[in-house]
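Please examine the structure shown below, which is a predicted model. The paragraphs that follow lead from its open and enclosed spaces to its strands, a helix and its charged pairs.

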Amino acid sequence: MSLHILVLAGGSGTRLWPLSRRSTPKHLLPLAPGGETLLRATLERVIGLGESVRVVTASAQIDGCRSTLEDVGLSGDAIIAEPEPRGTGLALGLAVGIIARQDPDALIASVHADHRVGDPEAYRASVLAAAGWAASTDSLATVGLVPTAPMTGFGYIELGARRDPEIWQQPTEIRSAAAEAAGKLPAFEATGFTEKPSAEVAKGYLDGGHHLWNLGLFAWTARRFLAELEAADPELASALSAVADAWVAGDRETATRLYAAQRVQAVEPLVLERTVRLTVVQASFGWSDLGSWSDVREARVADGEGDSAGNIMEGSVVITSSRDSIVVARSGRVVAVAGVEGLVVVDTPDAVLVVSASQSQLVKEVVDRLKADGHDELR
């Protein structure tokens, strides 16, 4: 059984506007530790874990993804381009179907390209742990992160009975420190998902110790995933099978037409929340989904990049008598900030963003307004 890695890299990251645009989405921005793009950092973490690595992206992002693949020594052709944006459920259904036609016994792990990770080795171990549980129990598997705060913007996974560690088997023949650590990570039956709970509920989850953050990091055999998809939505499963057939045959026109006719669905409600065969691996490592400019500041400060007042500065920036702010200057101008607290300022050649860090999730509303007002050149 060969392990194949899918890297999901199709999002637009509208919450990081004006840096993140359709042409330069979040995963193609230099937001990883050390200034690498998030996609490159993700690829470097998963290279060598299995037999192959493929990037699942949008058609408009093929060039940027291909360049990054080649930069890390992978084939620029290792791309599965979603014909139309239809969510992680359909993107994974298509990608798994394509791999299954090439390797019916495939074991597959799916990771996101736009997350910032502070401990690559612990991350690699969690991927291998989930893949091992998926293979040894013929179940879907996921990775949950031990919560460090009562976050209301994250999804949570409820823990059931602990899995017997004697059942777990290493998913590949590749020996590494991550492989050794993988077998030691605790795993549990997953008994439920909760998406974005209230502050009170999130605090209860933190105090109770029976819930983990959902990272969107999954593993399964191709056969098990396709069987679960068939059980959840037979009509969609049939449609995606036809799309995969057309794709493999090189008939992109038919693949696009059939795919575009389907509605958008995320993989969690489509498959993971319906299955009774789900294992969750408990992991701990520095992680952020960088869902807002406030998250970017906090992640970079946690990695020691900020000044003594918790400010993050990038470009030609002058900052004084201020704290807990992030100022990014990309226009060539000097950006000066004084006497502020918790502010986000992002200056680009064609747009300037100023927003309170505590309200940085409102950036998505700005992008929606730009779309409604016809400013496509700024999206």
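**Spaces, strands and charged pairs**

The second largest pocket of this predicted model holds about 410 Å³ of space. Its lining is made up of 21 residues, and those nearest the centre of the pocket are T148, W213, G286, W287 and S288. Three elements, β5 (116–117), β11 (287–288) and α11 (293–302), each contribute at least two residues to this lining. Helix α11 gives the most, with 4 residues. In chemical character, the lining of the second largest pocket comprises 11 nonpolar, 5 polar and 5 charged residues.

The loop between β10 (278–283) and β11 contains S284. Is S284 buried or exposed? With a relative accessibility of 52%, S284 lies over the 50% limit and therefore counts as exposed. Beyond its neighbours within four places in sequence, S284 touches A122, L145 and V146. The chain also brings S284 to a C-alpha distance of 8.7 Å from P147, although 137 residues separate the two in sequence.

Enclosed space is considered next. Rolling a probe the size of a water molecule over the atoms reveals where empty space remains. The model has 1 cavity of 30 Å³ or more, and the largest cavity contains about 50 Å³ of space. The residues lining the largest cavity are V111, H112, H115, Y123, L215, G216, L217 and W287. Strands β4 and β9 are the elements that supply two or more residues to this lining, and β9 gives the most, with 3 residues. The lining of the largest cavity divides into 5 nonpolar and 3 polar residues, with no charged residue. W287 appears in this lining and is also one of the residues nearest the centre of the second largest pocket.

Strand β4 deserves attention in its own right. Of its 6 residues, 5 are buried, and the strand is thus mostly covered. Strand β1 (residues 3–9) runs parallel to β4 and is joined to it by 6 bridges; within this pairing, L3 stands opposite L107. Strand β9 runs antiparallel to β4, with 4 bridges between them. L107 takes part here too, as the bridge partner of T221 in β9.

A further pairing involves strand β13 (residues 317–320) and β15, which are parallel and share 4 bridges. V317 has V335 of β15 as its bridge partner. In a regular strand, side chains alternate between the two faces of the sheet. In β15 (residues 335–338), V335 and V337 form the covered face, whereas A336 and A338 form the uncovered one.

Helix α7 (residues 222–232) has A222, R224, F225, E228, L229 and A232 as buried residues. Which elements cover the buried residues of α7? The covering elements include the helices α3 (87–102), α8 (234–248) and α10 (267–272), together with β4 (107–112), β6 (140–145) and β9 (211–221).

The final topic is charge. Side chains of opposite charge can pair when their charged atoms come close. The count for this model is 23 salt bridges. One of them joins D114 to K26, with an N to O distance of 3.5 Å. D114 belongs to the loop between β4 and β5, and K26 to the loop between β1 and α1 (38–46), so this pair ties together parts that are 88 residues apart in sequence. Both partners fall under the 20% limit for burial: D114 counts as buried because its relative accessibility is 16%, and K26 counts as buried because its value is 8%.

Another salt bridge links R40 and E36, whose closest N and O atoms are 3.7 Å apart. R40 is partly exposed, with a relative accessible area of 28%, and E36 is partly exposed at 26%.

In the pair formed by R333 and D347, the closest N and O atoms are 2.5 Å apart. R333 lies in the loop between β14 (326–329) and β15, while D347 lies in strand β16 (residues 343–347), so the salt bridge ties together parts that are 14 residues apart in sequence. Here R333 is partly exposed, with a relative accessible area of 43%, whereas D347 counts as buried at 4% relative accessibility. Beyond these pairs, salt bridges with shared partners join R116, R300, D303, E305, E314 and R330 into one network.

Key
Residues are numbered from 1 along each chain as its sequence is written. This is a predicted model: local features need pLDDT of at least 70, side-chain atom pairs count only at pLDDT 80 or more; totals for chains, interfaces and linings use all residues. Side-chain values use heavy atoms; hydrogens and water are left out. Buried means under 20% relative accessible area, exposed over 50%, partly exposed in between (1.4 Å probe, protein chains only). Contact means heavy atoms within 4.5 Å. On a 1 Å grid over the protein atoms alone, a cavity is a set of points where a 1.4 Å probe fits but cannot get out, and a pocket is an open set with protein on both sides within 12 Å along at least five of seven lines; lining residues have an atom within 4 Å of a point. Grid points are joined across faces, edges and corners, and a volume is the space filled by probe spheres set on the points. Ala, Val, Leu, Ile, Met, Phe, Trp, Tyr, Cys and Pro count as nonpolar, Asp, Glu, Lys and Arg as charged, and the others, Gly among them, as polar. Two strands pair if DSSP finds at least two bridges between them. A salt bridge is a side-chain nitrogen of Lys or Arg within 4 Å of a carboxyl oxygen of Asp or Glu.
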